Amino acid sequence: MASIVRIPITNVFMGGDYTGRVLVGPQQQPMNVILDTGSSALALDGTKYRPQLTGGDKSTKLAQTDSYGDGSSWTGAVVETTISVGSGAATAVLNNGNAAIAYQATSDMFQQADGILGLAYAPLDDAFTMAKDTSAHHYTSTQVRAGKKSDLVPYLTQLADAGITSDVISFLTRRSFIHVGGGDANDPLNQGLMVVGGGEESTDLYTGSFQTVKVTSDEWYSTNLKAVIVGSTDPIAARLQGPQGMPSNSIVDSGTNSLNISPQMLSAIISKFSTDQQALLNQSINGGQLVSAAGLNLADWPTLTFVLEGDTGDVSLNVTPSNYWQINTQNVGAAAAAITPGDAGLVILGLPLMNGYFTIFDGEADGGRGVIKFATSKG
């Protein structure tokens, strides 16, 4: 029977994005990795994990290089290693798991984390066969991309193929930015849970029934955003096509700690707020300034509703003011909007959407294309 494993997660290492602990290698070294449904590779900071090639890790001729929407990137050598999650009886151990050991990374790539765990689909987990062993011979990102392309099997799929867990990952999150003044890592608002291999059985984490959002492409967790509603105002229709290179107009991404909204859509959304509210939003979103939490009066702010295509009909998901405004961030009494301008035609629905829900990314549903399920969080 496949295992279901719960992993405590925290946002303190990345200032908002969540990390969870995995144990890597023959010595089962703890590594805090960014949990990202917007990518698929498992990459470890090569300054923090040194492959034990005489102790059980296996080198290969494969290399990987990856970059992300914020401009961060890494390049590394693929090794086969043991990867474990969980503890005690609830442990999932994967032998010969694929991991890239990053020997080059931009300064903002891992920050205080030890790596990144991509939780999306195989097409995003591309590797390249090089002429020599990549642990011994380091290639530049340009050289890597000139190699022979070969897709790797992502971590979750490897677990499922081995019969260890299902290709399902679930999240309970509470914040988009670190909550200050409550104990940092010990603050419950800065903590959460990731469930590997399950979700719906975790009835202590949610209430009510699930809404199921259709995944339109098995690369990212791509979705079809139909409209955004500000409070009780008329819906703002979403652009039907995403930007070039993207299979849809929106994705749901645990590795984005904001609602990252295309400029045209963002402008239309802000225009639906009152004049005073528009000023505060612009101060935070476009001016990059903190605002006084005491002056917000969140009870006067509207809920944002995102209407997405579901498997059986439209699904309406709410982001409350307390989720798109993050109170007590950076300083006690300060607030910041968890909304950022994005690329034309694309909306990335990150943690502010997930924080109100127990969110299941089911990579096995709909013939392997997947679905995303949302139920009201008990957190």
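What follows is a working chat about a predicted model.

Reader: Let's start with β11. Is that strand buried or exposed?

Author: Buried: five of the five residues of β11, 168-172, are buried, so the strand is largely enclosed by the rest of the structure.

Reader: Which residues point which way from β11?

Author: V168, S170 and L172 point one way, while I169 and F171 point the other way, and all are buried.

Reader: And what does β11 pair with?

Author: One partner is β26, residues 357-362, which pairs with β11 in the antiparallel sense over five bridges. The other strand to mention is β12, residues 191-196, joined to β11 by four bridges and also running antiparallel to it.

Reader: Give me landmarks. Which residue in β26 is the bridge partner of S170, and what does F171 stand opposite in β12?

Author: S170 has I360 as its bridge partner in β26, and F171 stands opposite M194 in β12.

Reader: Switching to the front end. How do β2 and β3 run?

Author: Antiparallel, with six bridges joining β2, residues 17-24, to β3. To find your place there, look for R21, which stands opposite N32 in β3.

Reader: What about the turn in that hairpin, which residue has a positive phi?

Author: That's G25, with a positive phi near 85°, in a hairpin that has four residues between the strands.

Reader: In which sense does β3 pair with β8?

Author: Parallel: β3 and β8, residues 115-118, pair over four bridges. In that pairing V33 has G115 as its bridge partner in β8.

Reader: OK, pockets. How much space lies in the largest one?

Author: About 1,000 Å³. The lining has 35 residues, and the closest to the pocket's centre are Y68, G69, D70, D253 and T256.

Reader: Which elements give two or more residues to that lining?

Author: β3 (29-36), β5 (58-67) and β24 (339-341). So β3, the strand we just saw joined to β2 by six bridges, is one of the elements that contribute to this pocket.

Reader: What's the chemical mix of the pocket lining?

Author: It divides into 12 nonpolar, 14 polar and nine charged residues.

Reader: I'm also looking at S72. Where is that, and is it buried or exposed?

Author: S72 sits in the loop between β5 and β6 (73-87). It is buried, with a relative accessible area of 3%.

Reader: What is S72 in contact with, leaving aside its neighbours within four places in sequence?

Author: D66, S67, T106, D108 and M109.

Reader: And how far is S72 from I169, back in β11?

Author: C-alpha to C-alpha they are 24 Å apart in space, and 97 residues apart in sequence.

Reader: On to α3. Which of its residues are buried?

Author: In α3, residues 263-270, the buried ones are M265, L266, I269 and I270. Seen down the helix axis they fall within an arc of 130°, so they line one face of α3.

Reader: What do those buried residues pack against?

Author: Quite a list: β15 (225-230), β16 (236-237), β18 (259-261), α4 (275-285), β20 (304-309) and β24.

Reader: How many cavities of 30 Å³ or more are there?

Author: Two. The largest cavity holds about 40 Å³ of space, and the second largest has a volume of about 30 Å³.

Reader: Which residues line the second largest?

Author: L266, I269, I270, F273, L281, I285, L304 and I339. α3 gives the most, with three residues, and the lining is made up of eight nonpolar, no polar and no charged residues.

Reader: And the largest cavity, what does its lining look like by class?

Author: Six nonpolar, four polar and one charged. Among the lining residues are S40, Q64, N98, D125 and Y155.

Reader: Last topic, the five-stranded open sheet. What's its strand order?

Author: β14-β17-β25-β18-β24, with mixed pairing. β14 (222-223) and β24 stand at the edges with a single partner strand each, so one side of each is left without a neighbour in the sheet.

Reader: How does β24 pair with β18?

Author: In the parallel sense, over three bridges. I261 has P341 as its bridge partner in β24.

Key:
Residues numbered from 1 in each chain as written. Predicted model: local features only at pLDDT ≥ 70, side-chain atom pairs only at ≥ 80, totals over all residues. Heavy atoms only, no water. Buried < 20%, exposed > 50% of the residue type's maximum accessible area, 1.4 Å probe, protein only. Pairing = 2+ DSSP bridges. 1 Å grid on protein atoms, 1.4 Å probe; cavity = no way out; pocket = protein on both sides within 12 Å on 5 of 7 lines; lining within 4 Å. Points joined across faces, edges and corners; volume = space filled by probe spheres on them. Nonpolar A, V, L, I, M, F, W, Y, C, P; charged D, E, K, R; others polar. Arc of directions from axis to C-beta. Contact = heavy atoms within 4.5 Å.
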